[in-house]
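Hi,

Here is the structure I promised to pass on. Have a look at it first, then read my notes below with the viewer open.

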Amino acid sequence: MNYENYDPFFLDQPVVDLYLPIWAKLPGFKSKPAFIWAEDGPIQPSSLTYEELNISAQCISSELLLSLRRNDVVLVLCSPGLKFVEIIFGCLRAGVLAVPISPPHPSFSNENYHHLLRVVSQTRPKIAIALRDYIKHVEKYVVKSTNKKLSEALRNLRWIPTEDLKGKKMKMQLENVNFDSGFEYNGCSVDDVCLIQYTSGTTAIPKPVLVTAGSAAHNVRVARKAYDFNPNTVVVSWLPQYHDCGLMFLLLTIVSGATCVLTSPNTFVNRPRIWLELISEFKATCTPVPSFALPLVLKRGYAGATVTGNVNPISMLSLKNLIIVNEPIYESSVEEFVEVFKPFGLNPLAISPSYGLAENGTFVSTSWSSSNSDKFRTLPTYKKLLPSARLDEDVDIEILVVNEETNEIVEDGVEGEIWISSPSNAIGYLGHPSLTQQVFNARLKNRVGNCYVRTGDRGVVKGEHRFLYVTGRCSDIIKFPNGQEIHPHYLETLTYKSCPNVLRGGCVAVFKMCESKYRFVAVVAEVQSKGERESDMFLKQICEGIRNAIMKEEGVGIGLVVLVKVGSVPKTTSGKIQRWLAKYKFVKSQMNIIMQMKFDNNGNVQSTVQKVMQISGKKETEKVKKVLVVEEEEGMFFAPTNRTLKSSL
């Protein structure tokens with residue numbers, strides 16, 4: 001086994017949970033906070049030391065195994081917080097499969113229950129863990145509900161309150177456990193599936209990814225090395241803890257012996273400045289954020305006061321890694337953020353553009369270098385984008401850019417699909433055998449060797465240092481009859497810039513439509529609340545301005561511009577635009593439309609509809625329905641039988 005740690009005498013462990021007993025018995029770590037939870041307001045932060053987390057993991061593990069067997073599935077429906085962290089590590093210690101998802105509001109209104117119903121039907125959990133009050137609301141809903149499918153699924157679950165998982169009874173049993181010697185570990189082994197991590201749903205209905213304990217450990221060890229993490233590292237994170245980067249940083253903290261300060265995504269969205277205040281207060285050395293967070297902080301998080309009316313001072317002098325995720329990463333937005341916060345101590349060398357995806361655990365690579373040999377300002381760009389990764393030859397992760405039609409490696413400078421071969425690769429999608437074969441077992445044409453994960457991301461390799469630029473998603477590319485191709489995010493950025501005072505940043509979706517024989521590009525953009533009260537003439541000017549800006553900059557003729565109310569454009573939990581779902585909701589008349597304007601090929605207005613809901617063609621509706629039906633047949637709603645997880649791949 002490689003000695004990747006900061007200390008060559010510290011042997012790396014095969015699974016993440018095995019680090020906990022080691023840290024917990026070291027004198028310098030027993031009382032060291034592993035995780036700190038901070039909310040906005042007068043409430044003091046609470047913490048969880050390495051010793052407390054280790055004991056808690058053992059308590060919860062013992063409690064779970066009273067009624068479960070190893071490899072049973074546990075649905076974790078807890079809000080972000082320290083209790084969530086304890087339960088995740090308790091599941092790892094028990095050798096059961098955790099399925100963490102965001103708990104929908106127990107009223108289950110506005111169709112917010114679909115993901116929960118999908119998860120329950122696909123994973124068949126033996127128990128569900130949630131707060132006692134949440135369980136009571138669910139029980140009331142089950143009694144009164146007319147939704148038979150949902151109420152039956154909830155009724156058949158065995159619920160365990162989080163409050164019951166750390167009682168005095170279990171603490172007494174720990175008196176017989178000696179973590180210093182003779183401790184027999186019965187948790188997840190390397191090849192055991194330890195997490196069912198759902199994809200974000202950016203391009204399709206979320207899919208359940210099977211992550212083994214060994215691949216998860218490898219993933220965070222690689223990330224630790226790439227970001228130069230050690231016990232002196234202090235992380236601040238508000239990312240959702242249920243999957244991807246937010247979940248990975250929980251594991252990365254333990255592998256590194258670091259301290260992680262957590263707060264909830266809602267807290268950040270309500271007052272973005274709290275992110276800066278936590279960095280300042282705890283002298284954070286690292287923080288991961290989606291790319292959309294930077295302009296959001298600049299717009300309404302820069303000068304905000306606390307709930308008590310005080311304005312806490314900001315200092316970013318301690319920050320060594322500002323990890324930026326959620327591709328594509330625009331140089332201009334990062335440059336603007338750096339310029340604003342340089343007076344507050346932000347070092348441009350801290351900028352760490354990175355790339356990852358759920359099918360590879362999370363982390364793949366970063367273009368940041370601990371040697372600081374490449375300053376942010378000298379990083380080369382490609383079509384306004386910063387590189388997200390560096391194709392190093394001395395690591396066991398192989399990144400290729402491949403022609404997705406021929407399965408052949410393309411030359412540097414040519415766009416293609418990004419393929420990855422790594423010990424971090426997950427083993428497949430639960431209940432999707434054909435999709436697992438297609439995505440996780442891809443092979444290059446006429447070459448014998450590794451299997452690769454097809455990421456579905458478009459990328460290009462450029463320059464002497466072979467930087468990887470993630471340019472967009474394969475399924476989102478807009479293709480024109482003349483052979484022209486464009487990624488929709490470029491058009492979405494131009495849309496917002498055409499009228500930033502009225503449109504909402506990061507709330508624009510661009511996609512291709514077809515109506516009879518007429519194909520066109522559609523733009524759906526959210527209007528700020530104050531803009532909803534503008535005159536019809538003003539709104540028409542915005543629509544025309546969007547079309548003119550895109551035509552001038554990219555030479556693309558927009559056929560339809562739709563202005564909608566706040567909250568109409570769907571996003572993932574990590575803030576990515578769900579273009580496929582935006583198209584579906586528009587076609588199904590499920591958006592609050594303020595105004596829509598249709599243009600012909602010459603840019604002349606064909607029709608204008610104000611403040612009504614309208615379907616854009618029966619054929620398009622049927623097409624989208626067909627897409628969803630195909631997804632269901634492919635197993636999106638597949639409920640596995642009693643076969644083992646691996647046999648259901």
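Let's start with one residue: Asp192 has a relative accessibility of 14%, so it counts as buried, because the cut-off for that is under 20%. You'll find Asp192 in the loop between α7 (168-173) and β7 (193-198). Its side chain is joined to the side chain of Ser189 by a polar contact of 2.8 Å. If you skip the neighbours within four places in sequence, Asp192 is in contact with Arg70, Asn71, Val211, Thr212 and Ala213. Do keep in mind that this is a predicted model.

Now zoom out for a moment. The chain has 18 helices and 28 strands. Of its 649 residues, 57% count as buried. If you take the contacts in the chain with a separation of 6 or more, residues 24 or more positions apart account for 72% of them.

Next, the nonpolar residues. As a rule, nonpolar side chains in soluble globular proteins tend to be buried together. Here, the largest nonpolar core holds 124 residues, and the ones that touch the most other members are Phe35, Leu64, Phe89, Ile254, Trp275 and Phe337. Try selecting Ile254: leaving out residues up to four places away in sequence, Ile254 touches Val16, Tyr19, Leu20, Trp23, Ala34, Phe35, Tyr50, Leu53 and Phe89. Another core, of 30 residues, lies apart from that one, and its members include Leu385, Ile478, Val502 and Ala525.

Two helix pairs are worth a look too. To describe two packed helices, you give the angle between their axes and the distance between the axes.

The first pair I picked is α2 (residues 50-64) with α3 (residues 82-94), which pack at an angle of about 60° with their axes 7 Å apart. That angle makes α2 oblique to α3. Their crossing is right-handed. On the α2 side, the residues making the contact include Leu53, Ala57, Ile60 and Leu64, while those of α3 include Val85, Ile87, Phe89 and Ala94.

The other pair is α12 (residues 293-300) and α13 (residues 331-341), whose axes come within 9 Å and cross at roughly 45°. So α12 and α13 are oblique to each other as well. What is the hand of the crossing of α12 and α13? That crossing is left-handed. The contact is made by Leu294, Val297 and Leu298 of α12, together with Val334, Glu336, Phe337, Val340 and Phe341 of α13.

Finally, two phenylalanines to click on.

- Phe29 sits in the loop between α1 (19-25) and β1 (33-37). With a relative accessible area of 12%, Phe29 is buried. Phe29 and Tyr50 are 21 residues apart along the chain, and their C-alpha atoms are separated by 6.3 Å. Not counting neighbours within four places in sequence, Phe29 is in contact with Trp23, Tyr50, Glu51, Pro231 and Gly257.
- Phe511 is part of strand β24 (residues 503-515). At 6% relative accessibility, Phe511 counts as buried. Between the C-alpha atoms of Phe511 and Arg579 there are 6.6 Å, with the two residues 68 apart along the chain. Beyond residues up to four places away in sequence, Phe511 touches Phe520, Val521, Ala522, Val524, Arg579, Ala582 and Lys583.

Happy browsing, and shout if anything is unclear!

How values were computed
Residues are numbered from 1 along each chain as its sequence is written. This is a predicted model: local features need pLDDT of at least 70, side-chain atom pairs count only at pLDDT 80 or more; totals for chains, interfaces and linings use all residues. Side-chain values use heavy atoms; hydrogens and water are left out. Helices (H or I, at least four residues) and strands (E, at least two) are DSSP runs, numbered from the N terminus. Buried means under 20% relative accessible area, exposed over 50%, partly exposed in between (1.4 Å probe, protein chains only). A polar contact is a pair of N or O atoms within 3.5 Å; within protein, one must be able to donate a hydrogen and the other to accept it, and residues adjacent in sequence count only if both atoms are side-chain atoms. Contact means heavy atoms within 4.5 Å. A nonpolar core is a set of buried Ala, Val, Leu, Ile, Met, Phe, Trp, Tyr and Cys residues joined through side-chain atoms within 4.5 Å. Axes are lines fitted to C-alpha atoms, for helices over the stretch in contact, and angles run from 0 to 180 degrees between N-to-C directions. Angles under 35 degrees count as roughly parallel, over 145 as roughly antiparallel, 65 to 115 as roughly perpendicular and the rest as oblique. A crossing is left-handed if the near helix is turned anticlockwise from the far one by less than a right angle, and right-handed if clockwise.
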